[in-house]
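Q: I should like to learn how to read the features of a protein model step by step. Where does one begin?

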Amino acid sequence: MRGRSAVIAVCLAVMGSACSGGAGAPEATPTKPGALPANLTTITVTDFRFQPRSLQVPVGTRVTWSFRGKESHRVTGTFAGEEVDSGELRSGNFEFEFTEPGVFAYTYGVHGAAMSGQVIVR
């Protein structure tokens with residue numbers, strides 16, 4: 001117990017109340033195990049870009065491409081041997097569930113690399 005008291009005393013002397021969980025310490029935010037905020041699984045498709053262009057998600061995640069803009073676009077690519085194609089959309093959503101690890105590189109063929117992205121599944 002004596003060693004622990006010395007460490008706490010040194011911590012308090014050097015860092016103040018942040019070490020002890022006092023008034024200066026950040027408050028913990030409770031989350032559900034394995035839960036991801038909705039914005040981490042949504043890719044916005046606007047005129048001529050995917051935002052974000054790269055997204056990393058765990059296996060079993062359903063990713064949503066949310067189409068917003070004046071022009072129609074599409075998501076096309078292959079993941080784990082499966083052809084993925086949203087079809088031409090100007091508004092609405094397209095979803096795909098990633099059931100195994102890998103990299104899903106996708107594009108909208110009309111714009112080529114200028115309108116491409118990837119989902120990294122771990």
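**Reading the fold and its charged pairs**

A: One begins with the surface: the chain exposes about 7,900 Å², and carbon and sulfur atoms supply 54% of this area. Please keep in mind throughout that this is a predicted model.

Q: What share of the residues in the chain is buried?

A: Burial is judged by relative accessible area, with under 20% as the cut-off. Of the 122 residues in the chain, 26% are buried.

Q: Which elements does the chain have, and in what order do they run?

A: The chain contains one helix and nine strands. The helix comes at the N-terminal end of the series, and the strands follow it: α-β-β-β-β-β-β-β-β-β.

Q: How much of the contact set joins residues 24 or more positions apart?

A: Here one counts the contacts with a separation of 6 or more; residues 24 or more positions apart account for 49% of them.

Q: How should the order of strands in a sheet be read, and what is the order in the open sheet of five strands?

A: The order is read across the sheet, from one edge to the other. In this open sheet it is 3-9-8-5-6, with mixed pairing. Strand 3 (54-57) and strand 6 (82-85) are the edge strands, each paired on one side only. Direction ignored, neighbouring strands of this sheet are turned by 20° against each other on average.

Q: In which sense do strand 8 and strand 9 pair, and over how many bridges?

A: Strand 8 (residues 102-108) pairs with strand 9 (residues 112-121) in the antiparallel sense, over seven bridges. To follow the register, take Phe104, whose bridge partner in strand 9 is Val119.

Q: Which strands pair with strand 4, and in which sense?

A: Each partner is taken in turn. Strand 1 (residues 42-46) runs parallel to strand 4, and four bridges join the two. In this pairing, Val45 stands opposite Phe67 of strand 4. Strand 7 (residues 92-98) pairs with strand 4 in the antiparallel sense, over seven bridges. There, Trp65 has Phe94 of strand 7 as its bridge partner.

Q: How many residues of strand 4 are buried?

A: Six of its seven residues are buried, so strand 4 is largely enclosed by the rest of the structure. One residue to inspect is Thr61, which is found in strand 4 (residues 61-67).

Q: Is Thr61 buried or exposed, and what does its side chain reach?

A: Thr61 has a relative accessible area of 9%, and because the cut-off for burial is under 20%, Thr61 counts as buried. Its side chain reaches the backbone oxygen of Pro58 at 2.7 Å.

Q: How does one approach charged side chains, and how many salt bridges are there?

A: Side chains of opposite charge can pair when their charged atoms come close. With a cut-off of 4 Å between a side-chain nitrogen of Lys or Arg and a carboxyl oxygen of Asp or Glu, the count comes to four salt bridges.

Q: Which residue forms a salt bridge with Glu95, and which parts does the pair tie together?

A: Glu95 pairs with Arg62, and their closest N and O atoms are 3.8 Å apart. Glu95 lies in strand 7 and Arg62 in strand 4, so the pair ties together parts that are 33 residues apart in sequence. Glu95 is partly exposed, at 42% relative accessibility, and Arg62 is also partly exposed, at 41%. A network of salt bridges links Arg62, Glu95 and Glu97.

Q: Where does Arg74 lie, and with which residues does Arg74 form salt bridges?

A: One partner is Asp85, whose side chain meets that of Arg74 at 2.9 Å, N to O. This pair links distant parts of the chain, 11 residues apart: Asp85 is in strand 6, whereas Arg74 is in the loop between strand 4 and strand 5 (76-79). Another partner is Glu88, with the closest N and O atoms 3.5 Å from each other. Glu88 lies in the loop between strand 6 and strand 7 and Arg74 in the loop between strand 4 and strand 5, so this pair ties together parts 14 residues apart in sequence.

Q: How accessible are Arg74, Asp85 and Glu88?

A: Each residue is read against the burial classes. Arg74 counts as partly exposed at 24% relative accessibility. Asp85 is partly exposed at 41%, and Glu88 is partly exposed at 40%.

Technical notes:
Residues are numbered from 1 along each chain as its sequence is written. This is a predicted model: local features need pLDDT of at least 70, side-chain atom pairs count only at pLDDT 80 or more; totals for chains, interfaces and linings use all residues. Side-chain values use heavy atoms; hydrogens and water are left out. Buried means under 20% relative accessible area, exposed over 50%, partly exposed in between (1.4 Å probe, protein chains only). Contact means heavy atoms within 4.5 Å. Accessible areas come from the Shrake-Rupley method with a 1.4 Å probe; for residues, only the protein chains shown count as cover. Two strands pair if DSSP finds at least two bridges between them. Axes are lines fitted to C-alpha atoms, for helices over the stretch in contact, and angles run from 0 to 180 degrees between N-to-C directions. A polar contact is a pair of N or O atoms within 3.5 Å; within protein, one must be able to donate a hydrogen and the other to accept it, and residues adjacent in sequence count only if both atoms are side-chain atoms.
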